[in-house]
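Trainee: I should like to take a close look at a single part of this structure, the interface. Would you please give me one connected account of it, with each term explained as it arises?

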2 protein chains.
Amino acid sequence: MMEKTPGSVTMEKIVSLSQRRGFIFPSSEIYGGLSSCWDYGPLGVELKRNVKQAWWRDIVQGRDDMVGLDASILMHPQTWAASGHLEQFADPLVECKQCHQRWRSDEVADNSCPSCGGELTEPHLFNLMFKTFMGPVEEDANVVYLRPETAQGIFVNFQNVLTTTRKRLPFGIAQVGKAFRNEITTGNFIFRSREFEQMEIEYFVRPETADKWFDYWLEERRKWYLNLGIRKENLRLRPHRDEELAHYAKKCYDIDYNFPMGWAELEGIANRGDYDLAQHAKHSGKEMTYFDEESGEHIVPYIIEPSAGVDRSVLAILCDAYDEEIAQGELRVVLHLHPTLAPYKVAVLPLSKKENLGKFAREVYDDLRQCWMVHYDDTQSIGRRYRRQDEVGTPYGVTIDFQSLEDNQITIRERDSMNQIRVPIATLKETLAAKLAGQDLFVLPEGGQIWKEEGT
Amino acid sequence: MMEKTPGSVTMEKIVSLSQRRGFIFPSSEIYGGLSSCWDYGPLGVELKRNVKQAWWRDIVQGRDDMVGLDASILMHPQTWAASGHLEQFADPLVECKQCHQRWRSDEVADNSCPSCGGELTEPHLFNLMFKTFMGPVEEDANVVYLRPETAQGIFVNFQNVLTTTRKRLPFGIAQVGKAFRNEITTGNFIFRSREFEQMEIEYFVRPETADKWFDYWLEERRKWYLNLGIRKENLRLRPHRDEELAHYAKKCYDIDYNFPMGWAELEGIANRGDYDLAQHAKHSGKEMTYFDEESGEHIVPYIIEPSAGVDRSVLAILCDAYDEEIAQGELRVVLHLHPTLAPYKVAVLPLSKKENLGKFAREVYDDLRQCWMVHYDDTQSIGRRYRRQDEVGTPYGVTIDFQSLEDNQITIRERDSMNQIRVPIATLKETLAAKLAGQDLFVLPEGGQIWKEEGT
């Protein structure tokens, strides 16, 4: 038995766990990886799906004032002229006159190349949009860009959505999708990558109510993370200083998370004013207004934008859930994931591989997976199997032993408390459903009993 | 009252309905659209989500022998050397020597430009992958491609998945995601676009069992479409002729759908043999084998690939569900969508906007939407509201009238039959749940009654 000292969460531990257990792999790893792109493995894809599903359910399906959209990644290039991205979405770069490597000028301390010591050029602007050519001819007329944000797909569809849904102000359009930024400096695992996924709301309001709705969304979005189990002390609100406001923003707050590398943005909430609709009206020549039937006026709504990163949310959730402790003399690594987010809700664990036990356990498994993502594991000792499930955040284990064959009772083991309760199989589903919904079962089902996990 | 003659489904009708009701819009429409890219509107995004969700539930979450993956769109360029895409994923193009327009050589009948009549060059190969540059320098070393298929993201992760999940043959890895092809000829609405979404399974099997699993998946996938309500007579299986087989395929069948423009591929099922794993092993220098514990041998599995198009599925589902009929002397357009796929499952329709009726209807609405996507509509006549819901495929309407306030009964109206049943409100949820699950309620709840919809 190896004893270790439980430590705090580090990025190295999260990266290692992610790769070891199939949450996240480096992209194209067999070819040495692709700088700052990542692939979600079998557990990661379920975790990420659960995050997006929770957002869609809460933001789109659960609200009267919101509809969804899924715009394409390739958009008409005029979009980026109107949005300001062609001109302003750029970093200043310097190039080494000797070795021709390029650097972000704000990251080079003096005027010599960090690689070879050569002299550097004056800074020039480098646009962060990925560009490609549509159609068979590689010429300027056919340049298109991979969208650097999902927001513009919503703005250009403003009238389409208004016409087809007949929504009244205030209302929002929400979208989940990939965006691409050719960042010069990437890093911190999936925190800043060149291909990433956004969950964006564009909420259209009467201009005079913009401040009120800004405050509303700031609080709504903060609560959303808290409701998914993120610890209060790891979230903070940070107003942007005037000089860091984006060109389109009247006001912006970040919801920061206390990552292992420090506080960093999880979500930005901006008052974009009428900038986007006015710009697209100007560049397209199309009407981008809302007709107010009461006053008979055409209004250009203001837009409040809560813009969250899916990958950053996944990273924050992993970091926040990660814990090490000594249990029964061994180091226990556990992800205290909220049941809504956990890839598996339940693991079914027969005590042995013996045939009659296996058959019984399979029946339980087949029954439970009608309701939830359930994992079946009958290899190695029960203690090791508990630890494997702890490490990937499975909230409940269901253990089936030889006694179960006789008394039709099975054991539910809780990931967080390591408490075990024994319940009649007829009550298993409802007991798990109640527990997964956050109802703590102080009242055991008839015939149930509770005890603390012992050495394994 | 305008009478029209009911006709059959055409692509024009589907495109028009899609745009009019917010299923699908041309991308960047305010800028004249972007050739062959499409945006899913508020109803389309829900329909598409339902298709992907049904696939994920049936293919990944409902099976023991399958895990999910979500690989990045940008991959290491070596991937495309190994897969054969760099060399072979190309169309022969000719260029007009006079006006420099380019054409696919198999689509030009004689040697003169269809546009200006000029002379054409000899055909040369044009690669269909979108290319872009990663990092700040636009040079050959930094070229990356947008993946033209999701499959390769699975192959390069074969060992990662094997190690982290300890799966045994046969098992599959499934993925849903965007892919991009710079097609010369696009069209037929969302059937062939440059940006599209795939649902792909790569199923790894012992080589000697490949034929058996090929047949298995052909039948499984055909059944999947049938289970989602696609009519049997609109599906066919078509074996590829030897000369049309892709370079990696030993055998391939298409599942074709009878679209308005004719039979065309919905899904391809291919036996890829050991081509992909062998190629990636060769190009990466990494082991891409499966260790068989029983025989002690390292095996290169064969791969059976059922590869479906999400957008094509959506199009087939819309075409298959579309119907016109004369009802009560008027043309009724109805989408007979399977309840699993319908964007809204239920519409709540108070007979009038009067306050007490509205309050009652809102309570019903708030209750039902805990379970399903529900639409609330209290504008215009009840007949027009029924037609609006028919047109977007909402299976059930719940009508609340003044009598409801007194007897606590409400009317459920069926989209397909236009039958109406009146049930006590206490039984509403369970009645709807049973109906949505496909159980026809010949036994009415106590106190219920049934009648046929009359003129409105």
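**The interface and its surroundings**

Mentor: A turn of 180° and a shift of 0.0 Å along the axis lay chain A on chain B with an RMSD of 0.0 Å (copies are superposed by least squares on the C-alpha atoms of residues with pLDDT of at least 70 in both). This relation is that of a two-fold axis. Within chain A, A:Thr132 has the C-alpha nearest the axis, at 2.6 Å from it. Both copies use the same surface, since 100% of the contact residues of chain A recur in chain B, where contact means heavy atoms within 4.5 Å.

Two remarks on conventions are needed. The model is predicted, so local features need pLDDT of at least 70 and side-chain atom pairs count only at pLDDT 80 or more, while totals for chains, interfaces and linings use all residues. Residues are numbered from 1 along each chain as its sequence is written, chains are lettered from A and ligands numbered from 1 in the order in which they are written, and side-chain values use heavy atoms, with hydrogens and water left out.

Let us begin with the extent of the interface. Its two sides consist of 83 residues of chain A in contact with 83 residues of chain B. The size of an interface is often given as the accessible area lost when the parts come together. Here the buried area, which is the accessible area (1.4 Å probe) that two parts lose on being put together, summed over both, is about 6700 Å² between chain A and chain B, and carbon and sulfur atoms give 54% of that area.

Next come the polar links. The rule finds 6 salt bridges across the interface of chain A and chain B; a salt bridge is a side-chain nitrogen of Lys or Arg within 4 Å of a carboxyl oxygen of Asp or Glu. A:Arg362 forms a salt bridge with B:Asp64, with 2.7 Å between the closest N and O atoms. There are also 43 residue pairs in polar contact across the interface, both at pLDDT 80 or more. A polar contact is a pair of N or O atoms within 3.5 Å; within protein, one must be able to donate a hydrogen and the other to accept it, and residues adjacent in sequence count only if both atoms are side-chain atoms.

On the side of chain A that touches chain B, helix H2 (residues 42-61) of chain A gives the most, with 9 residues; helices (H or I, at least four residues) and strands (E, at least two) are DSSP runs, numbered from the N terminus. The residues on this side of chain A divide into 34 nonpolar, 27 polar and 22 charged. In this count Ala, Val, Leu, Ile, Met, Phe, Trp, Tyr, Cys and Pro are nonpolar, Asp, Glu, Lys and Arg are charged, and the others, Gly among them, are polar.

B:Ser72 offers an example at the level of one residue. B:Ser72 is placed in the loop between strand S3 (66-69) and strand S4 (74-75) of chain B. Leaving aside its neighbours within four places in sequence, B:Ser72 is in contact with A:Ser27, A:Cys37, A:Trp38, A:Asp39, A:Lys178, A:Glu195 and B:Arg147. The side chain of B:Ser72 also reaches the backbone oxygen of B:Leu74 at 2.9 Å. Its relative accessible area is 3%, and B:Ser72 is therefore buried; buried means under 20% relative accessible area, exposed over 50%, and partly exposed in between (1.4 Å probe, protein chains only).

Finally, consider salt bridges within single chains. The count by this rule is 90 salt bridges over all chains. A:Arg221 and A:Glu267 meet through their side chains at 2.8 Å, N to O. A:Arg221 lies in helix H7 (residues 210-227) and A:Glu267 in strand S14 (residues 262-273) of chain A, so the pair ties together parts that are 46 residues apart in sequence. Both A:Arg221 and A:Glu267 are buried.

In chain B, B:Glu149 forms a salt bridge with B:Arg272, the closest N and O atoms being 3.7 Å apart. This pair links distant parts of the chain, 123 residues apart: B:Glu149 is in the loop between strand S9 (143-146) and helix H5 (151-155), and B:Arg272 is in strand S14 (residues 262-273) of chain B. B:Glu149 counts as buried at 5% relative accessibility, and B:Arg272 is buried with a relative accessible area of 1%.
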